[in-house]
Amino acid sequence: MQDCLFCKIVRGEIPCSKVYEDDEILAFRDIHPQRPVHVLVVPKKHMTSLASVAPEDTAVLGRILQKAGEIARAEGSVEGFRLIINSGRIGGQEVDHLHAHIVGGPNPVGPMLQH
Ligand code: 5GP
Ligand code: ZN
């Protein structure tokens, strides 16, 4: 995906504050952190949204979940964290490359939804 922002970050064309990388996923700090710990975890392969993933994406999605705790702890969110995957227009997704937000820090992140 030539023009996708997170594909450009994966390719190193746009800099990021990287916190973890392996063959399948990249984790980097959010440019506008909403909590003391705010990391985005993306599959290196472009996929648009959790609303439209394919069966062959199961392993990489599992890896994002499996690595989240380790990444959160390494960033200093040692007593837990929240994982958020905004999906599609209804979910408030702004960047159309699937990404999980890890948010946390020393204090509770707050209510799950605010009305
Ligand atoms: P969404 O609303 O799509 O779930 O979240 C997109 C997130 O990407 C936002 O939290 C926003 O701050 C972050 N973001 C947007 N552009 C950049 C960027 O160029 N670099 C980084 N590190 N984060 C970005
Ligand atoms: Zn992409």
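This passage walks through the zinc site, the main pocket and one buried strand residue of a predicted model.

The zinc ion (ligand 2) is a handy place to start. Two cysteines and two histidines hold the ion: Cys4 and Cys7 each offer SG, while His46 and His97 each offer ND1, at 2.0 to 2.3 Å. The angles among the four donor atoms run from 105 to 117°, and the site comes out as tetrahedral. Written along the sequence, the donor residues of the zinc ion (ligand 2) follow the spacing C-x2-C-x38-H-x50-H. Cys4 belongs to the segment before α1 and His97 to the loop between α3 (88-91) and β5, so this pair ties together parts of the chain that lie 93 residues apart in sequence.

How much of these donors is left open to the outside? For Cys4, the relative accessibility is 9%, and since anything under 20% counts as buried, Cys4 falls in that class. Cys7 is buried too, at 5%, and His97 is buried with a relative accessible area of 0%. As for cysteines pairing up with each other, a search of the whole structure turns up zero disulfides.

Next comes the pocket. The largest pocket takes up a volume of about 810 Å³. Its lining counts 32 residues, and those closest to the centre are Asp30, His32, Gln34, His38 and His101. Which elements supply at least two residues each to the lining of the largest pocket? One helix and four strands do: α1 (5-10), β2 (25-29), β3 (37-43), β4 (82-84) and β5 (100-104). Of these, α1 gives the most, with three residues. In chemical terms, the lining of the largest pocket splits into 16 nonpolar, 11 polar and five charged residues.

Some of the elements turn up in both parts of this picture. Helix α1 spans residues 5-10 and contributes to the pocket lining, while Cys4, a zinc donor, sits in the segment before that helix. On the other side, β5 contributes to the lining as well, and the loop that carries His97 runs between α3 and β5.

Strand β3, another contributor to the pocket lining, also holds Val41. Is Val41 buried or exposed? With 0% relative accessibility, Val41 counts as buried. Measuring from C-alpha to C-alpha in the model, Val41 and Ile85 are 9.8 Å apart in space, with their positions 44 residues apart in sequence numbering.

Conventions:
Residues numbered from 1 in each chain as written. Chains lettered and ligands numbered in written order. Predicted model: local features only at pLDDT ≥ 70, side-chain atom pairs only at ≥ 80, totals over all residues. Heavy atoms only, no water. 1 Å grid on protein atoms, 1.4 Å probe; cavity = no way out; pocket = protein on both sides within 12 Å on 5 of 7 lines; lining within 4 Å. Points joined across faces, edges and corners; volume = space filled by probe spheres on them. Nonpolar A, V, L, I, M, F, W, Y, C, P; charged D, E, K, R; others polar. Donors = N, O, S within 2.8 Å, 3.2 Å for Na, K, Ca; no water. Tetrahedral: all angles 85-135°; square planar, octahedral: opposite > 155°, others 65-115°. Buried < 20%, exposed > 50% of the residue type's maximum accessible area, 1.4 Å probe, protein only. Disulfide = S-S within 2.5 Å.
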